Amino acid sequence: MKDMLFDVSEKIVVITGGLGQIGAEFVKEFHKRGSHVAVFSRSANAQKAEQILGKELASSNRLGFYAVDITKKESINEALDSIEKVWGVADVLINNAGIDTQPSAPPEVSGPFEQFPLEVFREVVETNLTGTFLMTQAVGDRLVKAKKPGSIINIGSIYGMVSPVQDIYAYKEEMTGIPFIKPVAYCAAKSGIYNLTRYCATYWAKKGIRVNTFTPSGVWRETQDEHFHANYHARMPMGRMAQADEFNGSMIFLASDASKYMTGSNLVVDGGWTAW
């Protein structure tokens, strides 16, 4: 029997950063459940899609790939126009695209707060916060005009809710003599997501457009070094980082009727990080 509560079949889902680590997992999950998925990425192309998703999935007629700069209104609207011509107005938007600074970053973008470059701050805020604003504005506007309900899911971060534990990164200076400070820009940009969500949720609530934030913690990557893993795991109540596909259930919940009375909320799936 079909599970109508979590049903997302035939929904039109736009996923920004859809070829990224967790974005690609969202793409796979929604496609598996019968959705039409529009993958937004600055570098979206057939070759990259095949490398990340596999040839069979990348060639599906329920997937579309769009090279979009989410900081540019024109780029966003061109892609949304193309989607509407093929499938219609999007039912679901997942604002997943973002940039962060990894422990392997060069010192000029990961040094002390007092010397943090203004241009880097602006770039991170422009992508993570302004890009989310522009995507939300564009999709929400089309939903309103179509008199169609929808679900907008903004991806936050534990570092948008609480300050980074800088001790986790202290090993970098001990090993190399060059400090790594988890930068302010990502934290400031992600924190803005929460009130953007609340604002839009109350603004559109009576029109049936739900807006929620999803807050993940760090995701394991092979490129992260063993010292970072050890320090991060020691701080995490569950003792490990997330796997990239462990947020899929939350996305299906927020996109489906299972969460139809939920808006302006923050769903935290962080292994217990913010429970300390």
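Begin in helix H5 of this predicted model by selecting Lys145 and Asp141, which both lie in that helix, four residues apart, or about one turn of the helix. Show their side chains and you will find that Lys145 forms a salt bridge with Asp141, in which the closest N and O atoms are 3.1 Å apart. With the surface switched on, Lys145 counts as exposed, at 66% relative accessibility, whereas Asp141 is partly exposed, with a relative accessible area of 36%.

Next, select Asp91 and Lys148, whose side chains meet in a salt bridge with an N to O distance of 3.1 Å. This pair links distant parts of the chain, 57 residues apart: Asp91 sits in the loop between helix H4 (73–86) and E4, while Lys148 sits in the loop between helix H5 (118–146) and strand E5 (150–155). Asp91 counts as buried because its relative accessible area of 16% is under the 20% cut-off, and Lys148, at 21% relative accessibility, counts as partly exposed.

From there, move to Asp100 and Lys182, where the side chains again meet in a salt bridge, at 3.1 Å from N to O. Here too the pair links distant parts of the chain, with Asp100 in the loop between E4 and H5 and Lys182 in the loop between helix H7 (171–176) and helix H8 (184–204), 82 residues apart. In this pair the lysine is the buried partner, as Lys182 has 7% relative accessibility, while Asp100 is partly exposed at 35%.

Now turn to strand E4 (residues 92–95) and select Asn95, which is found in that strand. Is Asn95 buried or exposed? At 2% relative accessibility, Asn95 counts as buried, and hiding the surface will help you to see what surrounds the residue. Leaving aside residues up to four places away in sequence, Asn95 touches Thr16, Thr132, Met135, Thr136, Ile152, Ile153, Asn154 and Ile155. Among these neighbours, display the side chain of Thr136, which is joined to the side chain of Asn95 by a polar contact of 3.0 Å.

For the last stop, select Glu29, Lys32 and Arg33 together, since these residues are linked in a network of salt bridges. How many salt bridges does a search of the whole structure find? The search finds eleven, and those visited on this tour include the pairs Lys145 with Asp141, Asp91 with Lys148, and Asp100 with Lys182.

Technical notes
Residues numbered from 1 in each chain as written. Predicted model: local features only at pLDDT ≥ 70, side-chain atom pairs only at ≥ 80, totals over all residues. Heavy atoms only, no water. Helix = DSSP H or I, 4+ residues; strand = E, 2+ residues; numbered from the N terminus. Buried < 20%, exposed > 50% of the residue type's maximum accessible area, 1.4 Å probe, protein only. Polar contact = N/O pair within 3.5 Å; in protein donor to acceptor, adjacent residues only side chain to side chain. Contact = heavy atoms within 4.5 Å. Salt bridge = Lys/Arg side-chain N within 4 Å of Asp/Glu carboxyl O.
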